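Please take a moment with the sequence and the 3D view below before reading on. The paragraphs after it are meant to be read alongside both.

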Amino acid sequence: MVGRFGFSSAIAFDAQHLQPLATWAFLATLTEAVFIEGHRADDAIPHALGHSNRLGPHSGVYLITLSPTTSETQKIVNVTKYIWSHRDYRPWGTTLPVQCRECGTPQQWAGMKCSDNYTFECRYEFCGWDPVCQEFVKPRGTYVVEKPEGMQVIPNGKLPSSSWLRFCLPAKVIEADSEDLAMELD
Ligand SMILES: [Zn+2]
């Protein structure tokens, strides 16, 4: 859509049921920074996200921009994904499972950070216990979240337990006059 209509950039959200109320502080700050103060959108977004604590748990943000190529008909689409992370329940932007995969117990995960990876361990004291054998037959359930390659922490609005992250998706070359420019974000 960005290429079809010739927009220089566009913003998208990935919440399944987007609540506009959660976006207004971000959009108001971004609009002021871009249209009044004259900043580039990719420079203004980290600033705007730093003022948007309510948006992070609700939705990720995509910035879609076009870059020229040497071809008149082709352009490069750059997509930057911004996701919110929390040390205890959304490490590196990954939502933790509700239950332990080993014992099925609903979890309030207890995490440990080692280097760039988080390891969460089931808190149920009998995780792995076999009531027939009357002994532990499996190791305690764990869930490991590794830092995705290329993920950057945004300093704006960073708190001890949470922050926004930036991740650049692979660029795509599109035909600028093509009728089929709809993009699939993943
Ligand atoms: Zn368990």
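What follows goes from the division into domains to the nonpolar core, and then to a small sheet and its hairpin.

The model shown here is a predicted one. Its protein chain is divided into two parts, of which domain 1 takes in residues 2-86 together with 149-175, while domain 2 covers residues 91-145. Taken over C-alpha atoms, the centres of domain 1 and domain 2 are separated by 34 Å.

The largest nonpolar core has 16 residues, and those that touch the most other members are Phe26, Leu30, Ile45, Ala48, Leu49, Tyr82 and Trp164. At least two residues of this core come from each of helix H2 (20-36), helix H3 (41-49), strand S2 (61-68), strand S3 (74-86) and strand S10 (162-168). Phe26 can serve as an entry point for the eye, since leaving aside residues up to four places away in sequence, Phe26 touches Ala48, Leu49, Ser52 and Leu55.

Strand S2, one of the contributors to the core, also holds Tyr62. Is Tyr62 buried or partly exposed? Tyr62 counts as partly exposed because it has 19 C-beta neighbours inside 10 Å, and a residue needs 20 or more to be buried. From Tyr62 the view can be carried over to Gly111, which is 49 residues apart from Tyr62 along the chain, with 28 Å between the two C-alpha atoms.

Gly111 stands opposite Phe120, a residue of strand S5, and this leads to the pairing of two strands. Strand S4 (residues 110-114) and strand S5 (residues 117-121) pair in the antiparallel sense, over five bridges. Met112 likewise has a bridge partner in S5, namely Thr119. S4 and S5 form a hairpin with two residues between them, and in the turn Ser115 has a positive phi of about 60°. As for its surroundings, strand S4 is hardly covered, for the count of buried residues among its five residues is zero.

The hairpin strands belong to an open sheet of three strands, which has the order S4-S5-S8 and antiparallel pairing. Its edge strands are S4 and strand S8 (142-145), each of which pairs on one side only. On average, and with direction ignored, neighbouring strands of this sheet are turned by 20° against each other. In general, the strands of a sheet pair through backbone hydrogen bonds, and the pairing is either parallel or antiparallel.

Conventions:
Residues are numbered from 1 along each chain as its sequence is written. This is a predicted model: local features need pLDDT of at least 70, side-chain atom pairs count only at pLDDT 80 or more; totals for chains, interfaces and linings use all residues. A nonpolar core is a set of buried Ala, Val, Leu, Ile, Met, Phe, Trp, Tyr and Cys residues joined through C-beta atoms within 7 Å. A residue is buried if 20 or more other C-beta atoms lie within 10 Å of its own, exposed if 12 or fewer, and partly exposed in between; C-beta atoms are placed from the backbone. Helices (H or I, at least four residues) and strands (E, at least two) are DSSP runs, numbered from the N terminus. Two residues are in contact if their C-beta atoms, placed from the backbone, lie within 7 Å. Domain bounds come from an automatic or database domain assignment. Two strands pair if DSSP finds at least two bridges between them. Axes are lines fitted to C-alpha atoms, for helices over the stretch in contact, and angles run from 0 to 180 degrees between N-to-C directions.
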